[in-house]
Amino acid sequence: MILKRLRKTPLAWLQLKKEKTRFFVALAGIAFADILMFIQLAFQDALYDAAVKPHRNLEADLVLIDPQLQTLFSVKSFPRERLYQTLAYEGVESVSPVYFASGQWRNPETRLERTILVWGIDPVKPTFKFLEGNQNREQLKQLNRVLFDRAGRPEYGAIADIFNQTGTLETEINNKAIAVAGLFTNGASFAADGNVIASESTFLHLFPNRQPNQIDIGLIALKPGTDVETARSRLDAGLPDDVLVLTTEEFAQIEQQYWANSTGIGFIFGLGVIMGFIVGIVIVYQILYSDVSDHLPEYATLKAMGYSDRYLLTVLMQEALILAVLGYIPGFILSLGLYQLTYAATMLPIAMKTSRSITVFILTVLMCFISGAIAMRKLQSADPADIF
């Protein structure tokens with residue numbers, strides 16, 4: 001539909017097609033700027049999505065955490081008794097404690113160690129929403145049995161392949177022998193390359209310095225029909241100030257805000273998008289400025305015939321829109337391929353989103369329009385009296 005409308009502007013098409021080399025260079029430049037914006041936005045979204053995926057996978061209506069907790073990768077524990085105090089409140093059906101810490105996983109093939117996030121849960125109750133973890137949690141009742149995240153980095157070893165072939169796999173975490181009893185799928189993030197799930201007993205065996213009465217997350221399941229916000233407000237008002245009551249989404253937002261505001265990563269990716277936008281403006285401006293300079297006598301003739309600056313600006317903006325649309329298409333297609341390559345290399349959840357494709361298209365059109373507006377200054381200087 002857009003292209004059909006553009007074909008109704010023959011002057012703009014003729015101006016661009018007259019210099020085909022310049023035209024294709026402009027499209028390549030716009031595509032490059034779009035790819036840069038697509039990649040930066042994808043990494044930013046992947047950072048946030050991967051960081052909050054464990055939070056959103058928690059099987060709970062409400063969570064209890066230490067008020068100082070900002071990220072899963074900086075442990076802040078609170079008394080276990082606070083979690084069990086919630087059972088006295090109306091609407092609370094059951095609770096479950098969760099521990100987490102970073103441990104050293106030994107690759108069973110290379111014997112090299114790599115940091116991995118270890119979760120300690122109650123194997124009797126469902127802790128995560130992913131089906132595999134719930135089906136296999138019975139295996140965790142045996143000491144030193146863990147579930148391994150098949151979507152982790154390959155540097156941990158071909159754990160999923162070996163386990164599927166042999167049904168068993170033994171290795172070490174923190175120099176203590178463990179056995180893989182099952183698999184699940186969560187995925188890597190910028191801070192954790194992989195995950196394992198263990199029972200509370202196994203977790204405390206792997207991390208002997210941790211105190212059993214100090215937990216990291218408390219999961220609260222409400223009775224059917226209980227209003228979540230009402231229950232949250234009631235618990236928040238009744239419990240001491242050394243704990244914070246949140247919904248799982250609010251818990252996820254704390255993690256996202258940490259990566260967005262407390263680290264330089266969010267700023268870096270945002271700066272990359274701005275740089276891509278500026279690069280695109282410069283490229284399109286150079287093309288449109290050169291086009292105006294080369295055809296200045298023609299524009300001056302149009303002025304002498306009575307055409308206004310507004311009409312000439314319309315022609316220039318039509319050229320900018322043509323460049324925006326035609327440059328966006330290869331940028332979009334190439335970005336899809338780069339997303340696949342990036343996912344294969346990093347295991348981060350990078351995929352094209354409709355909202356991102358619309359955002360980049362709008363930025364592309366705006367980028368080209370700004371360039372056209374700047375180039376218009378040269379067009380306004382076209383005086384028939386000076387040229388003829």
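## F332 and its aromatic partners

F332 has a relative accessible area of 24%, so it counts as partly exposed (buried means under 20% relative accessible area, exposed over 50%, and partly exposed in between, with a 1.4 Å probe and protein chains only). The structure is a predicted model, in which local features need pLDDT of at least 70 and side-chain atom pairs count only at pLDDT 80 or more, while totals for chains, interfaces and linings use all residues. Residues are numbered from 1 along each chain as its sequence is written, and side-chain values use heavy atoms, with hydrogens and water left out.

Twelve aromatic pairs are present in the structure (rings of Phe, Tyr and Trp, the last by its six-membered ring, pair if their centres lie within 6.5 Å; planes under 30 degrees apart count as stacked, over 60 as edge-to-face and the rest as tilted). One of them joins F38 to F332 in an edge-to-face arrangement, with 6.0 Å centre to centre and 65° between the planes. The two residues lie 294 residues apart, F38 in helix α3 and F332 in helix α12 (residues 309–346), and the pair thus links distant parts of the chain. Helices (H or I, at least four residues) and strands (E, at least two) are DSSP runs, numbered from the N terminus. F38 is buried, at 0% relative accessibility. A single aromatic cluster is formed by F38, Y328, F332 and F361.

## F148 and strand β5

A second edge-to-face pair consists of F148 and Y156, since the ring centres are 6.2 Å apart and the planes stand at 80°. Both F148 and Y156 are buried; for F148 the relative accessible area is 4%.

F148 sits in strand β5 (residues 145–149). Leaving out residues up to four places away in sequence, F148 touches W105, I116, Y156, I159, V180, G182, L183, F184, N195 and V196 (contact means heavy atoms within 4.5 Å). From F148 to T185 the C-alpha to C-alpha distance is 8.2 Å, with their positions 37 residues apart in sequence.

## Packing of α3 and α9

Two packed helices are described by the angle between their axes and the distance between the axes. Helix α3 (residues 20–56) packs with helix α9 (residues 248–261) at an angle of about 150°, and their axes are 9 Å apart. This makes the two helices α3 and α9 roughly antiparallel (angles under 35 degrees count as roughly parallel, over 145 as roughly antiparallel, 65 to 115 as roughly perpendicular and the rest as oblique). Axes here are lines fitted to C-alpha atoms, for helices over the stretch in contact, and angles run from 0 to 180 degrees between N-to-C directions.

On the α3 side the contact is made by L47, Y48, A51, V52, H55 and R56; on the α9 side it is made by T248, E249, F251, A252, Q253, E255, Q256, W259 and A260. Eight of the residues in this contact of α3 with α9 are nonpolar, four are polar and three are charged (Ala, Val, Leu, Ile, Met, Phe, Trp, Tyr, Cys and Pro count as nonpolar, Asp, Glu, Lys and Arg as charged, and the others, Gly among them, as polar).

## Asparagines with positive phi, and N164

Most residues other than glycine have a negative phi. N174 has a positive phi, near 55°, and N175 also has a positive value, about 65°. N174 is in the loop between β6 (170–173) and β7 (176–184), and N175 is in the loop between β6 and β7 as well. At 21% relative accessibility N174 is partly exposed, whereas N175 is exposed at 55%.

N164, in helix α6 (residues 159–166), is exposed, with 54% relative accessibility. Its C-alpha lies 9.3 Å from that of L183, and the two residues are 19 apart in sequence.

## The chain as a whole

The chain contains 14 helices and eleven strands. Of its 388 residues, 48% are buried. Of the contacts between residues at least 6 apart in sequence, 80% join residues at least 24 apart.
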